[in-house]
Amino acid sequence: MGGHTVVVFTGEFDVTADAVIVELERRGVPVFRCDPGAFPSTMVLGARFGGSWTGHLRTDRRTVDVADVACAWWRRPTPITVPAEVPHAEWVRAEAVAGLRGVLAVLPWLNHPDDIRAAEHKPLQLATAAQVGFSVPATLLTNDPAEARAFAQAHGPIIYKSLTIGILGEDKVIYARSVDPATLDDGVAVTAHLFQQQVEKAHELRVTVVDGNVFTARIEAMTEKGRADYHNLRYSADTLPEAVADKVRRFLTLRRLRFAALDFVVTPDGEHVFLEANPNGQWAWIEHETGSPIAAAIADALEGATHD
């Protein structure tokens, strides 16, 4: 494929995507934005195979030719849903997902959606980080209360981290937090829990990578609540040592990613300890706080992408 249009798959309200779309439009690059969650109710797919895939996606406003896609960006789309009253609703939904994603899979991507889903697994992230040479905190994944207590005794102090986005309802977010070993009771058995040894830190880093370009932000907490107290964090542009930056790039290569946002703790003696990576992480506030040109870098990647 060697098209000219950038396709952005995201929900209706996404200020991070907006920043890149504005930059692309400033450059005169055609942008087709849509939410896959609108399929099949208000989005139409028509695709044919004759040695290669041709066809279109059509919303109530615009149409994009599959062959004219220069690069696609899987941002924060909403899930495909089918009304429960539709006969065989679960099968209908499964067919819609398989059909749309199957055609989208042939597009050239910033990050392929399948690679995003694979890279979101925290156990895989930790294994990859260790593979490229990063220090990784001792970690336990369990639903066994006794094993959790033994881990706390051996590696305390420890923290708990959600394995997913950690949002419970509209007003409660689960942040990484310290764990009192006395609370490790039978509640641990309810689901999987990820515990890690707490790392002594001088500060934290958010490292955003776009096609090998590394943008580093130092994050310093002004209160004891740390990163959970968003209103009392101080951000500043920083630079990774080249040896660390090389490991970051290697991490992305192994996970087949062109974009990712990685979190590190920097210890008092200067060691960079890997915490986690988000293959679809937010970065707009980092650009706002530090002036790092992340939106322009993503626009460059989308505008110039030629590989599948």
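Which elements each supply at least two residues of the lining of the largest cavity? In this predicted model, strand E1 and helix H2 (89–104) do so, and the full lining consists of Val7, Phe9, Leu57, Val64, Val66, Val69, Val103, Leu104 and Leu107.

**Cavities**

A search of the whole structure finds two cavities of 30 Å³ or more, which are set side by side below.

| Cavity | Volume | Nonpolar lining residues | Polar lining residues | Charged lining residues |
|---|---|---|---|---|
| Largest | about 50 Å³ | nine | none | none |
| Second largest | about 30 Å³ | three | one | three |

The second largest cavity is bordered by Lys122, Leu126, Lys161, Leu194, Gln196, Leu275 and Glu276, and the elements that give two or more residues to this lining are helix H4 (122–132), strand E12 (193–197) and strand E17 (272–278).

**Nonpolar cores**

The largest nonpolar core holds 27 residues, of which Val20, Trp73, Ile298 and Leu302 touch the most other members. Two or more of the residues in this core come from each of strand E1 (5–9), helix H1 (15–26), strand E6 (69–74), strand E14 (213–221), strand E15 (233–238) and helix H8 (294–304), and the largest share, seven residues, belongs to H8. Strand E1 thus appears both among the contributors to this core and in the lining of the largest cavity.

When residues up to four places away in sequence are not counted, Val20 is in contact with Trp73, Trp283, Ala295, Ile298, Ala299 and Leu302. Apart from this core lies another, of 21 residues, which includes Leu126, Leu262, Phe274 and Ala277; Leu126 is also one of the residues lining the second largest cavity.

Notes:
Residues are numbered from 1 along each chain as its sequence is written. This is a predicted model: local features need pLDDT of at least 70, side-chain atom pairs count only at pLDDT 80 or more; totals for chains, interfaces and linings use all residues. Side-chain values use heavy atoms; hydrogens and water are left out. A nonpolar core is a set of buried Ala, Val, Leu, Ile, Met, Phe, Trp, Tyr and Cys residues joined through side-chain atoms within 4.5 Å. Buried means under 20% relative accessible area, exposed over 50%, partly exposed in between (1.4 Å probe, protein chains only). Helices (H or I, at least four residues) and strands (E, at least two) are DSSP runs, numbered from the N terminus. Contact means heavy atoms within 4.5 Å. On a 1 Å grid over the protein atoms alone, a cavity is a set of points where a 1.4 Å probe fits but cannot get out, and a pocket is an open set with protein on both sides within 12 Å along at least five of seven lines; lining residues have an atom within 4 Å of a point. Grid points are joined across faces, edges and corners, and a volume is the space filled by probe spheres set on the points. Ala, Val, Leu, Ile, Met, Phe, Trp, Tyr, Cys and Pro count as nonpolar, Asp, Glu, Lys and Arg as charged, and the others, Gly among them, as polar.
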